[in-house]
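Please load the model below in your viewer and keep the selection box handy. We will go from stop to stop, and at each one you will hear what to pick and what to look for.

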Amino acid sequence: MYRHSEKKYYLLVSALFLCAVLVIIVSTGMGYMEIAPEEILRVIGARIFGDSSLTAGIETTIPYVVMDVRLPRILTAALVGGGLALSGVIYQGILLNPLADPYTLGISSGAAFGASLALLANLSMLGHFSTPIFAFAGATLTLLIVMRLSTFNGQISAQTLILSGVIVGAILSAGISFMKYLADEQVAVIIFWLMGSFASSTWNGVLLIGGTFIFSIGVTLYYGRDLNIMSLGRRSSDTLGVETAKVRKILLLTASLVAAVCVAITGIIGFIGLIVPHLMRYLVGPDNRKLLPVSALAGAILLLLADTMTRAVLPVEVPIGVLTALIGGPFFCVIFRQKQRGKSYE
Amino acid sequence: MSDNSLFTLTDVSFAYGTDPVLQEINLCLPPGKFYGVVGPNGCGKTTFLDLLIGARKQLTGTIVFNGKQIHAYAKRELARQLALVPQEFDTGFGFTVEEIVLMGRHPHIDRFSSPSQEDWLAVDQAMECIGISKLKDRYTNNLSGGQKQRAVVARALAQNAPVLLFDEATASLDVKYTLQIFNIARQLVRAEGRTVIAVIHNLNLAAAYCDQLLFMKDGRILCHGPTDQTLTAETIAEVFDVQAQVVFDPFNKTRQVSFQYWQQ
């Protein structure tokens with residue numbers, strides 16, 4: 001039984017979902033070769049239903065451009081956007097800090113460190129996946145170190161977690177700078193990867209991030225009510241029947257898994273995990289069970305729009321991480337100022 | 001130890017690192033009474049409550065609650081038995097008063113269910129009882145300290161647990177609401193046979209409301225027993241190091257403490 005009408009929330013979710021589908025279709029049509037939405041739907045339909053008659057009368061290069069070039073990139077961008085927003089919601093909910101995201105905890109730096117190492121040493125023993133695997137290993141290792149550093153008497157506190165994240169992140173950044181210095185000719189590869197790009201997206205990547213995303217949002221929704229109550233502090237949430245220590249660990253691992261996979265696949269993309277949960281909290285309030293789906297959808301739309309802009313609208317392809325930071329940074333300053341101003345007048 | 005015991009503590013001690021905080025605590029608390037825990041600042045009262053709710057684990061000894069070790073309980077199971085009213089609490093990202101009170105129903109609602117009619121009834125009654133129904137749609141981070149505190153008391157009432165623990169829960173309330181909450185607690189003990197264990201700073205409130213007092217000093221329980229036997233000028237002098245006299249107050253028909261403020 002719900003007491004308040006949930007109509008507004010369901011309307012918002014439906015609108016965002018429709019908007020996401022629309023942006024995916026429209027952006028698939030944009031680029032060097034303009035493709036009509038109707039043709040895109042026919043190509044996708046032909047692939048899904050195995051019915052080649054649907055593509056009759058369409059230029060033969062179009063199915064290739066849609067299915068093998070544009071869609072993997074577009075779906076990766078959408079899923080990474082959703083994944084980063086999802087991890088942002090979890091980190092902010094657990095750490096009770098609106099400034100928490102994969103960067104504050106050093107997770108992204110860890111992934112970047114692992115990837116830079118792979119690029120520098122020119123490691124290719126694992127084939128195509130060596131950079132993502134090293135990035136993921138770096139992220140996981142960093143998370144374990146940060147959690148170990150911030151555990152006192154078997155308990156993790158929010159403040160020590162952020163402090164440890166900042167310390168470890170700073171050390172790793174220095175390590176990355178050193179590697180860049182050593183890299184000589186390789187430096188361009190590292191720098192480009194660090195700035196983030198969807199240019200080399202594949203269907204394998206889509207499956208990896210898609211699977212991770214579905215698993216993670218499932219886990220988080222399962223613990224959604226617990227996460228709400230945990231915002232009251234550990235002593236209160238424990239006595240309200242939440243296994244706070246256990247849930248906190250599970251959710252931190254889940255958020256870091258998503259963040260690590262995102263960074264591993266596309267490099268560092270900032271501000272999505274920070275801004276999207278912020279904005280959505282204004283719309284749906286602090287209830288994480290509502291905040292999660294809405295933020296994931298909004299993150300997907302936002303990152304996809306940004307990627308489409310750099311891919312099809314701008315004359316040169318700006319690295320996506322640079323673009324999100326350039327747009328997101330000032331925007332974040334504005335909402336930060338407004339929020340603080342609101343506070344002081346209360 | 002008697003069979004009819006809610007809490008049984010045997011040789012319990014606790015330390016933060018190497019600093020001993022609680023030592024040699026042996027207690028047997030029967031249910032259905034109003035217990036007051038009193039003692040000077042830093043004597044271990046809050047840690048003592050933390051052990052009772054299982055938030056911290058004792059260094060030595062055993063704590064048995066309703067016939068079972070306190071740490072053998074799942075948190076959810078325990079939350080249906082014990083409700084805590086903490087002294088202060090985080091307001092998180094700003095839930096409404098009604099949402100905060102509804103959180104008290106968490107241990108009663110299945111993971112994938114919505115609150116039932118019964119849950120909403122408990123929430124409404126709790127807010128009605130504390131008199132905060134008018135505040136139900138207000139955000140807790142816009143409330144005054146006292147209003148927040150009353151919302152938390154309402155949450156504990158909605159939790160509907162047979163045992164309530166108050167950790168200086170009325171410290172930020174004015175005299176009217178302090179008395180209101182103590183009267184509600186008293187009523188729960190008298191009419192419904194629930195148990196209240198409250199850390200109280202105000203000795204006169206403790207004298208007026210508690211059936212039993214536990215005097216703590218330097219991490220030990222100095223003495224405990226019925227209020228009219230334990231609340232004496234000698235005990236107060238020993239525990240708090242102040243001069244006082246305990247007199248019968250005919251207005252309330254209860255014992256009250258009068259302190260010696262200064263010497264001329």
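This tour visits chain B and then chain A of what is a predicted model.

**Stop 1: the sheet of chain B**

Begin by colouring the strands of the open sheet in chain B, whose 6 strands come in the order β6-β7-β8-β3-β9-β10. The pairing in this sheet is mixed. Which strands sit at the edges? Select 82–85 for β6 and 220–226 for β10 in chain B: each of these pairs on one side only. Going from one strand to the next, the twist averages 15°.

Now zoom in on residues 163–167 and 195–199 of chain B, which are strands β7 and β8. These two run in the parallel sense and pair over 5 bridges. For one such pair, pick Leu165(B), whose bridge partner in β8(B) is Ile197(B).

**Stop 2: helices against the sheet**

Keep the sheet on screen and add residues 175–192 of chain B, helix α6. This helix packs on the sheet, where it touches β3 (34–38), β7 and β8 of chain B. Look along β3(B) and you will find the direction of α6 at about 135° to that of the strand.

Next, add helix α5 of chain B, residues 145–159. Helix α5 lies across β6 and β7 of chain B and runs at about 175° to β6(B).

**Stop 3: two loops with positive phi**

Follow the chain from α5 towards β7 of chain B and stop in the loop between them at Asn160(B). Its phi is near 55°, a positive value in a residue other than glycine. With a relative accessible area of 43%, Asn160(B) is partly exposed, because the partly exposed class lies between 20% and 50%.

Then jump to the loop between β9 (212–217) and β10 of chain B, and select Asp218(B). Here too phi is positive in a residue other than glycine, near 50°. Is Asp218(B) buried or exposed? At a relative accessible area of 58%, Asp218(B) is exposed.

**Stop 4: a hairpin and a short detour in chain B**

Select 244–249 and 254–259 of chain B to show strands β11 and β12, which run antiparallel and are joined by 6 bridges. Phe248(B) has Arg255(B) as its bridge partner in β12(B). The hairpin has 4 residues between the strands, and Lys253(B) takes a positive phi near 55°.

For the detour, go to helix α2 of chain B (residues 75–79) and pick Glu77(B). This residue is partly exposed, at 36% relative accessibility. Draw a distance from its C-alpha to that of Pro107(B): the two are 30 residues apart in sequence and 7.3 Å apart in space.

**Stop 5: inside and outside chain A**

Switch to chain A and select Val80(A) in helix α3, residues 61–95. Its relative accessibility is 0%, so Val80(A) counts as buried. What is Val80(A) in contact with, leaving aside its neighbours within four places in sequence? Show Phe198(A), Ile209(A), Cys262(A), Thr266(A), Ile269(A) and Leu303(A). Leu303(A) is 223 residues away along the chain, yet its C-alpha is separated from that of Val80(A) by 7.8 Å.

Finish on the surface with Met309(A), Val313(A), Leu326(A) and Ile327(A), which make a nonpolar patch of about 380 Å². Helices α13 (288–313) and α14 (320–344) of chain A each give two or more residues to this patch. Met309(A) lies in α13 and counts as partly exposed at 33% relative accessibility.

Notes:
Residues are numbered from 1 along each chain as its sequence is written. Chains are lettered from A and ligands numbered from 1 in the order in which they are written. This is a predicted model: local features need pLDDT of at least 70, side-chain atom pairs count only at pLDDT 80 or more; totals for chains, interfaces and linings use all residues. Side-chain values use heavy atoms; hydrogens and water are left out. Two strands pair if DSSP finds at least two bridges between them. Axes are lines fitted to C-alpha atoms, for helices over the stretch in contact, and angles run from 0 to 180 degrees between N-to-C directions. Contact means heavy atoms within 4.5 Å. Patches are made of residues with over 30% relative accessible area and no salt bridge: like charges are joined within 9 Å, nonpolar side chains (Val, Leu, Ile, Met, Phe, Trp, Tyr) within 5 Å. Accessible areas come from the Shrake-Rupley method with a 1.4 Å probe; for residues, only the protein chains shown count as cover. A salt bridge is a side-chain nitrogen of Lys or Arg within 4 Å of a carboxyl oxygen of Asp or Glu. Buried means under 20% relative accessible area, exposed over 50%, partly exposed in between (1.4 Å probe, protein chains only).
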